[in-house]
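The report that follows goes through one protein chain and its metal site, and is best read with the sequence and the coordinates side by side.

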Amino acid sequence: MSTFDLNAGATAPLAGETDLMDLPVDGALPPGLEGVLVRNGPNPLRGRFEGNDVLSWWPQPAMLHAVEFRAGRAASYRNRWARTRIWAREHAPHLAADLPDTNPNVNVLRHAGETLALAEGGPPLAMTPGLDFLGTSQRHPGLAGGMTAHPKVDPVTGELMSFRSHWEQPWLRYGVAGSDGQSLVEQLIDLPGPSMMHDMAITGRYSILLDLNVAYDFSMLSRGYRMPLRWHDERQSRLGVIPRHGGPVRWFEVAPCFILHVVNAYDLDATTLVLDVVRYPEYLRVARGGAGFEDNPVGVLWRYVIDLARGVVSERQWDKAGVELPRINEGRTGRAYRYAYAVQQPTNVEMRGLVRYDLESGATQQYRVPPGDQNSEPVFVPRPDARDEDDGWVLVCVYRQATDTSDVVVLDGRELRAGPLATVRLPQRIPAGFHGAWLPREDGTG
Ligand SMILES: [Fe+2]
């Protein structure tokens, strides 16, 4: 197993909250880049992780970071722990009873005019782009029971597709909310047992759920594991295809695997779906002797083609290079698309560099990050009034080992290899977290 120190370098948590104005910028921020880049991730309340395995990292309290771009300036930076019951117990016990009992440390979503910090299964927490926290969601009453941190928004209808996967019955619930946040569809889905599901996909007609080889094993808790999740050789990996607004789920068997993140999916024709993912041939396999986990292999870009008429799936590796944290122009979510951006993983403990895949020509471009430095996922920001899918910017946080600080690098979505258009220099690090979002400036916000 790797020796990896979560309390050093890019993953090291912060000990406090900061507000900064007018950050130094190298290069020129593009006109039109108006809004807030928000990042989310785990950051223990005392500024130190208690263990070094991945499961000592994932469940820690949420800290969010916001970098505001306004009128060609990097106008402000702010970081805050999410105001939840967990936070209050350490910092403001008198508030604990009034704050939501959730840990929204994974992702950020704007939907139905509400900005939400998203948890791995728990209820979302409403917030402003400037990181003032507003309690439970007011516009999404159907999410009060919790949901995935990777719901999907249809860019045409505004509908929000989500699921909740749980270790208690019911193990899986699928849902659709309208563009106003109100629940339209709620459906319980039968599974043979509780499954680890982190992400999902949509097409224009269907949603795709992932029931794979990583699942719960509660006997692990008595053996010193902090979370009861592991690879199961005996499980059958399956893709579940459900009509957008509910109905019977059709399960399609695929080769053993685990998928943390979907790239995108779409209807190729009336009976054929394409699903692109980052796929692992195995993940969280318990080490021989039952202490800790084997090193995970790196994940690679992988394509499934689901033939509903013939009832078969074909699958193939798209590229052999290790990648994670894929993102696309979200205006193409669930629709035919051409470009994907992802973090490069030269080894399974490095997130270093970006790759842009042109899935039509097969061409790739890279933005290289030097050894020792690390970077976050790439967030694609469409240029206002853009026509082409890749006409926009890619924002990425790059941790600089030499100075123990982070830069926010702005790249041209069409020309990653040309290097930064602009680099915002922060005087401290944004720890390697999970996901983020671009929140375009709206009147009265940002
Ligand atoms: Fe994720």
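## The iron site

In sequence, the residues that donate to the iron ion follow the spacing H-x47-H-x62-H-x173-H. His150 belongs to the loop between β9 (133–136) and β10 (152–153), whereas His261 belongs to strand β20, so this pair ties together parts of the chain that are 111 residues apart in sequence. The model is a predicted one, and in it the iron ion is coordinated by the NE2 atoms of His150, His198, His261 and His435, at 2.0 to 2.1 Å.

What makes the arrangement of the four donor atoms irregular? The angles that they subtend around the iron ion run from 90 to 162 degrees, and four donors would count as tetrahedral only if all angles lay between 85 and 135 degrees. Two of the donor residues can also be placed by their accessibility: His150 has a relative accessible area of 7% and is buried, and His261, at 5% relative accessibility, counts as buried as well.

## Overall fold

The chain has two helices and 33 strands. Its radius of gyration is 21 Å, close to the 22 Å that the globule rule gives for 446 residues, so the chain is as compact as a globular protein of that length. Along the principal axes, the C-alpha trace spans about 55 × 50 × 45 Å.

Of the 446 residues, 59% count as buried, and the accessible surface of the chain comes to about 17900 Å², of which 49% belongs to carbon and sulfur atoms. Among contacts between residues at least 6 apart in sequence, 57% join residues that are at least 24 apart.

## Nonpolar cores

In soluble globular proteins, nonpolar side chains tend to be buried together. In this model the largest nonpolar core has 64 residues, and those with the most contacts inside it are Ile208, Leu275 and Tyr304. Strand β20 (residues 258–269) gives the most to this core, with seven residues; the iron donor His261 lies in strand β20 too.

Once residues up to four places away in sequence are set aside, Ile208 touches Met200, Ala201, Thr203, Leu239, Gly240, Ala265, Leu273, Leu275 and Ile306. A second core, separate from the largest one, has 29 residues, including Val67, Tyr77, Leu99 and Trp393.

## Loops and backbone details

Several loops carry backbone features that deserve a check against the model. A cis peptide bond, with omega at about -5 degrees, joins Gln169 and Pro170, and Pro170 lies in the loop between β11 (160–165) and β12 (172–177).

Which residues have a positive phi although they are not glycines? Ala71 has a phi of about 50 degrees; this residue sits in the loop between β4 (62–70) and β5 (73–81) and, at 60% relative accessibility, counts as exposed. Asp385 has a phi of about 70 degrees, is placed in the loop between β29 (379–382) and β30 (392–400), and is exposed, with a relative accessible area of 79%.

Pro371 is found in the loop between β27 (364–367) and β28 (374–375), where its relative accessible area of 66% makes it exposed. Pro371 and Gln401 are 30 residues apart in sequence, and their C-alpha atoms are 9.0 Å apart in space.

Terms used:
Residues are numbered from 1 along each chain as its sequence is written. This is a predicted model: local features need pLDDT of at least 70, side-chain atom pairs count only at pLDDT 80 or more; totals for chains, interfaces and linings use all residues. Side-chain values use heavy atoms; hydrogens and water are left out. A nonpolar core is a set of buried Ala, Val, Leu, Ile, Met, Phe, Trp, Tyr and Cys residues joined through side-chain atoms within 4.5 Å. Buried means under 20% relative accessible area, exposed over 50%, partly exposed in between (1.4 Å probe, protein chains only). Helices (H or I, at least four residues) and strands (E, at least two) are DSSP runs, numbered from the N terminus. Contact means heavy atoms within 4.5 Å. Donors are N, O and S atoms within 2.8 Å of the metal (3.2 Å for Na, K and Ca); water is not among the atoms, so sites may look incomplete. Four donors count as tetrahedral if all angles lie between 85 and 135 degrees; four count as square planar and six as octahedral if opposite donors are over 155 degrees apart and all others between 65 and 115; anything else is irregular. The radius of gyration is taken over C-alpha atoms; the globule rule is 2.2 Å times the number of residues to the power 0.38. Accessible areas come from the Shrake-Rupley method with a 1.4 Å probe; for residues, only the protein chains shown count as cover.
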